[in-house]
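Work through these exercises with the sequence and the 3D structure open. Try each task before you read its solution.

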Amino acid sequence: MVETGGMGPVVRNATVEDLDELMALREAVAGEGRWIGAELPLDVERDRRTLMESAERASLFVAEVDGEIVGMLGMSLPPYLVADLGMNVKDGFRGQGVGSALMERAIE
């Protein structure tokens, strides 16, 4: 686990056990219709499979504040070699360093 200074979020690799909470976060952010390209209704089966594969490859990170997942970042390098990166940060936690902490961990 990486703690990003003082009261900042704790960033760690996602696990398969995080999937339900990650799907809820994805649905909440998609429901805002502003921050990510996904729209409701989500393709839950496909999204869970993608998140699970990313967690298993250690290319999916979560940010926690007081034990609650408030952000996630996933990255991949498909066979056509164009990197893909996606991030979600829960409403109420934006502008507080969550996204920056996730990006720093991904760069590591």
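The exercises below deal with a predicted model.

**Exercise 1. Confidence**

Find the mean pLDDT of the protein and the stretch where pLDDT is below 50.

Solution.
- Step 1: The mean pLDDT is 87. Of the residues, 91% reach 70 or more.
- Step 2: The stretch below 50 is residues 1-5. Beyond near neighbours in sequence, residues 1-5 have 14 contacts in the model.
- Step 3: Where pLDDT is low, the predicted coordinates should not be read in detail.

**Exercise 2. The largest pocket**

Give the volume of the largest pocket. Then describe its lining by residue, element and class.

Solution.
- Step 1: The volume is about 480 Å³.
- Step 2: The lining has 22 residues. Nearest the centre of the pocket lie Arg26, Thr50, Leu51, Asp84 and Gly86.
- Step 3: Two or more lining residues come from each of helix H2 (44-56), strand S4 (68-76) and strand S5 (84-89). H2 gives the most, with six residues.
- Step 4: Sorted by class, the lining holds nine nonpolar, seven polar and six charged residues.

**Exercise 3. The nonpolar cores**

Which residues have the most contacts inside the largest nonpolar core, and which elements give two or more residues to it?

Solution.
- Step 1: The largest core has 16 residues. Ala14, Leu22, Leu51, Leu60, Val62 and Met72 have the most contacts inside it.
- Step 2: The elements giving two or more residues are helix H1 (19-31), H2, strand S3 (60-65) and S4. H1 supplies the largest share of this core, six residues.
- Step 3: Another core lies apart from this one. That core has 11 residues, including Phe61, Val70, Val89 and Ala106.
- Step 4: Look again at Leu51. Leu51 is in the list for the core and also among the residues nearest the pocket centre.

**Exercise 4. Around Leu60**

List the contacts of Leu60, leaving aside its neighbours within four places in sequence.

Solution.
- Step 1: On the lower-numbered side, the contacts include Arg12, Asn13, Ala14 and Leu22.
- Step 2: Leu51, Ser54 and Ala55 are also in contact with Leu60.
- Step 3: Leu73 and Gly74 complete the list.

**Exercise 5. Two serines**

Is Ser54 buried or exposed? Place Ser54 and Ser100 in their elements, and classify Ser100 too.

Solution.
- Step 1: Ser54 sits in helix H2. Its relative accessible area is 9%, so Ser54 is buried; the cut-off is under 20%.
- Step 2: Residues up to four places away in sequence aside, Ser54 touches Ser59 and Leu60.
- Step 3: Ser100 belongs to helix H3 (residues 98-107). With a relative accessible area of 46%, Ser100 is partly exposed.
- Step 4: Take Ser100 and Met75, 25 residues apart along the chain. Their C-alpha atoms are separated by 15 Å.

**Exercise 6. Positive phi**

Where are Ala58 and Asp66, and what is the phi of each?

Solution.
- Step 1: Ala58 lies in the loop between H2 and S3. Its phi is near 60°, a positive value in a residue other than glycine.
- Step 2: Ala58 has a relative accessible area of 42%, so it counts as partly exposed.
- Step 3: Asp66 is in the loop between S3 and S4. Its phi is positive, about 50°, although Asp66 is not a glycine.
- Step 4: The relative accessibility of Asp66 is 82%, so Asp66 is exposed. The cut-off for exposed is over 50%.

Key. Residues are numbered from 1 along each chain as its sequence is written. This is a predicted model: local features need pLDDT of at least 70, side-chain atom pairs count only at pLDDT 80 or more; totals for chains, interfaces and linings use all residues. Side-chain values use heavy atoms; hydrogens and water are left out. On a 1 Å grid over the protein atoms alone, a cavity is a set of points where a 1.4 Å probe fits but cannot get out, and a pocket is an open set with protein on both sides within 12 Å along at least five of seven lines; lining residues have an atom within 4 Å of a point. Grid points are joined across faces, edges and corners, and a volume is the space filled by probe spheres set on the points. Helices (H or I, at least four residues) and strands (E, at least two) are DSSP runs, numbered from the N terminus. Ala, Val, Leu, Ile, Met, Phe, Trp, Tyr, Cys and Pro count as nonpolar, Asp, Glu, Lys and Arg as charged, and the others, Gly among them, as polar. pLDDT is the predictor's confidence in each residue, from 0 to 100. Contact means heavy atoms within 4.5 Å. Buried means under 20% relative accessible area, exposed over 50%, partly exposed in between (1.4 Å probe, protein chains only). A nonpolar core is a set of buried Ala, Val, Leu, Ile, Met, Phe, Trp, Tyr and Cys residues joined through side-chain atoms within 4.5 Å.
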